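Got your viewer open? Load the model below and let's walk through it, one selection at a time.

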Amino acid sequence: MGDAPADYNMVTLNPLKWMRIPCVAPIPAAQIFVSHESFGFPQWVKHTEQFVQTINVTNDGNVTLDVSSMVATEDTPAVDWLQISEASLSIPAGVDNVRTFDLTIDGTAIGAPGTVVALNGDVTLTSNASNNPTLEIPIIDFLVADTLIGIEYDTIGTGTVNLAVLSIGEAGFGGAGNVNLDYVTDGGECNPSTANPNTGVYLFSGGPTVVLNLGGDEYGVGQAMHQNNFTTQTDWRRVSEGADDAHLTGANYDGYFTGTVVTPDSLVAFERTYYAPTDGGGTAAYMIMKTDYYSYKDTTLTGVAIGEMHDWDVPSEGDAGSNNTGLVGAYSAVYLQGVDTATVPPCQLNADRYAAVGFLGMHTAADTADDECANDCEPHGSYSIRNDSLFAAQDGNDPNAIGPWFWEKMGTLTGAVAEPDDETDLHSVMTAVHDYSLTPGEVLTVYTVVTTVMEGTVDDLEANLDAAFEWYGTNLRPGCTSLCGCCVNLTGNVDNDVDDICDIGDLTKLIDFLFISYTPPVCMEEANCDGSTDGVVDMGDLTKLIDFLFISYNPTAPC
């Protein structure tokens with residue numbers, strides 16, 4: 001056997017080439033950079049103080065940087081709250097290449113303690129810089145307030161599913177895992193680490209959504225989906241002038257109260273209470289939300305859309321965000337459904353996994369003053385839609401870009417509308433009211449529910465919604481036996497009189513239904529005059545109606 005090849009002094013292929021290049025004189029150019037590129041929330045200042053920031057302006061070029069113009073512009077409000085210390089700068093190249101100026105945001109110029117005011121404007125530096133001759137430093141939603149408070153986090157559970165909730169209204173904490181209406185911790189889910197790594201999340205992120213059409217192509221947006229910090233122009237903000245957040249423990253629920261939260265422009269506020277039912281052996285796979293919306297500055301607001309937006313990632317094989325969608329058929333709900341790609345799924349069929357948001361009702365304080373059981377059960381609309389239609393096509397950080405899109409979708413997609421099945425990443429929106437007016441002192445209370453099914457059908461999802469509605473009526477609206485029925489106050493309006501008057505016309509209609517044409521009343525509940533628990537309309541109801549009209553005059557049964 002010959003000697004082994006030496007591993008040194010070997011001939012190798014080296015692709016590097018040597019060549020001579022001509023000397024080229026440097027291009028004279030100034031380069032501008034600033035130490036602070038923007039200001040805004042969560043930065044803030046008190047009404048009695050000034051915020052002062054020294055900004056470094058650096059010239060990284062090879063000739064003198066001449067900043068010929070420095071202009072402070074106030075967009076809203078224009079009350080002389082923004083000042084800068086310099087009108088121009090000259091910054092040499094080389095070692096001594098930094099100059100400074102002070103930016104002052106004057107809270108005393110607002111001087112309205114007890115209010116929260118969002119400041120918007122910019123500082124523009126015009127120079128001979130080759131990289132950015134017109135450099136803008138924006139001020140976006142810089143708040144003036146008595147005080148601001150940070151975000152609190154909590155987790156609530158029913159004994160079957162758990163949910164992470166935040167004090168700014170977001171639920172799901174951006175798909176944190178195992179706290180997302182999933183079944184990993186308490187619900188007997190397949191092992192997510194070996195069977196399906198996506199099973200720890202059903203609800204990725206969601207919560208209240210408000211869009212304000214302010215006119216003149218101006219919009220305000222407050223939305224909780226994907227907002228678990230203070231980094232965008234559309235996230236909700238907490239204020240200390242209102243109620244504090246709190247964990248709640250009831251006799252039959254685990255809960256959380258957000259405290260007072262406002263839109264970035266401080267126009268609309270909400271306070272939300274989450275209820276995770278723990279009765280029934282801890283088997284509930286749903287959570288109920290009661291949300292109060294009102295004008296924070298106690299002024300009349302027109303052009304308001306109020307609803308819910310949730311990004312669902314119902315566990316699927318492969319891409320966690322790929323879901324199908326369809327209609328539940330009740331509670332104005334659309335569902336999201338898991339997707340299977342393998343012939344034999346490793347754990348269970350993902351197509352048996354479901355999620356939905358249901359609408360339970362809404363009312364104003366004036367409604368319940370007239371009728372304590374008032375409950376409008378028909379939201380404006382509900383729909384599911386592709387995520388890329390929102391996040392790819394729209395600028396999610398600019399309310400004037402995303403606002404018109406939301407306003408149009410929430411307004412035109414009425415009833416229940418599901419995106420065509422195409423196994424993609426989806427979110428759902430439920431619109432309670434659109435083009436609504438919030439008047440001073442008015443509170444609009446909206447009740448909704450989020451629910452999931454680990455292994456079942458759409459019928460199981462609807463059964464969850466039925467159970468949630470029953471819990472809502474029993475625990476949040478006690479004494480109200482017909483929250484979403486057509487019956488009003490007392491039974492007996494068999495002929496559907498618009499004034500809800502019970503008279504001989506109702507007796508005639510009931511006789512016609514029972515013995516002549518058999519044409520049912522518009523509202524069968526109104527014909528159940530004797531209040532029978534089975535709801536059957538028969539001779540007993542006719543007897544009761546005759547007794548009320550002509551004999552004892554004792555009123556018919558309540559609805």
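Helices and strands here are DSSP runs numbered from the N terminus, with at least four residues for a helix (H or I) and at least two for a strand (E). Keep in mind that what you're looking at is a predicted model.

**Stop 1: the whole chain.** Zoom out and colour by secondary structure: you should find eight helices and 28 strands. The radius of gyration comes to 31 Å, while the globule rule gives 24 Å for 559 residues, so the protein is more spread out than a compact globule. Draw a box along the principal axes, and the C-alpha atoms fill roughly 115 × 90 × 40 Å. Now colour by accessibility: 50% of the 559 residues are buried. If you like contact maps, take the pairs at least 6 apart in sequence; 67% of those contacts join residues at least 24 apart.

**Stop 2: a helix pair.** Select residues 504-516, which are α6, and 539-551, which are α8. What angle do α6 and α8 pack at? About 165°, with the axes 10 Å apart. Angles over 145 degrees count as roughly antiparallel, so that is how α6 runs relative to α8. The crossing of α6 past α8 is left-handed.

Next, show side chains where the two helices touch. On the α6 side, pick Ile504, Asp506, Leu507, Leu510, Ile511, Leu514 and Phe515. Their counterparts in α8 are Met539, Asp541, Leu542, Leu545, Ile546, Leu549 and Phe550. By type, this contact has twelve nonpolar residues, two charged and no polar ones.

**Stop 3: backbone oddities.** A quick reminder before you check torsions: most residues other than glycine have a negative phi, and most peptide bonds are trans. Start with Thr76 and Pro77, which are joined by a cis peptide bond with omega of about -25°. Pro77 sits in the loop between β5 (65-76) and β6 (82-84).

Then jump to Asn178, a non-glycine with a positive phi of about 70°. You'll find Asn178 in the loop linking β12 (162-166) to β13 (203-215). Is Asn178 buried or exposed? Neither quite: its relative accessibility is 32%, so Asn178 counts as partly exposed.

Asp298 is another one to click on: it isn't glycine either, yet its phi is positive, near 60°. Look for Asp298 in the loop between β20 (286-295) and β21 (301-312). With 48% relative accessibility, Asp298 also counts as partly exposed.

**Stop 4: Gly206.** Select Gly206 in strand β13. Its relative accessible area is 0%, so Gly206 is buried. Which residues does Gly206 contact, leaving aside neighbours within four places in sequence? Show Gly169, Glu170, Ala171, Ala224, Met225, Met309 and His310. For one distance to draw, take the C-alpha atoms of Gly206 and Ala224: they are 5.7 Å apart, with the two positions 18 residues apart along the chain.

**Stop 5: Glu308.** Finish in strand β21, where Glu308 is found. Glu308 has a relative accessibility of 3%; the cut-off for buried is under 20%, so Glu308 counts as buried. Outside the neighbours within four places in sequence, Glu308 is in contact with Gly207, Pro208, Thr209, Arg272, Met289, Thr291, Tyr293, Ser428, Val429, Met430 and Thr448. Select that group together with Glu308 to see its surroundings.

Note on methods. Residues are numbered from 1 along each chain as its sequence is written. This is a predicted model: local features need pLDDT of at least 70, side-chain atom pairs count only at pLDDT 80 or more; totals for chains, interfaces and linings use all residues. Side-chain values use heavy atoms; hydrogens and water are left out. Axes are lines fitted to C-alpha atoms, for helices over the stretch in contact, and angles run from 0 to 180 degrees between N-to-C directions. Angles under 35 degrees count as roughly parallel, over 145 as roughly antiparallel, 65 to 115 as roughly perpendicular and the rest as oblique. A crossing is left-handed if the near helix is turned anticlockwise from the far one by less than a right angle, and right-handed if clockwise. Contact means heavy atoms within 4.5 Å. Ala, Val, Leu, Ile, Met, Phe, Trp, Tyr, Cys and Pro count as nonpolar, Asp, Glu, Lys and Arg as charged, and the others, Gly among them, as polar. Buried means under 20% relative accessible area, exposed over 50%, partly exposed in between (1.4 Å probe, protein chains only). The radius of gyration is taken over C-alpha atoms; the globule rule is 2.2 Å times the number of residues to the power 0.38.
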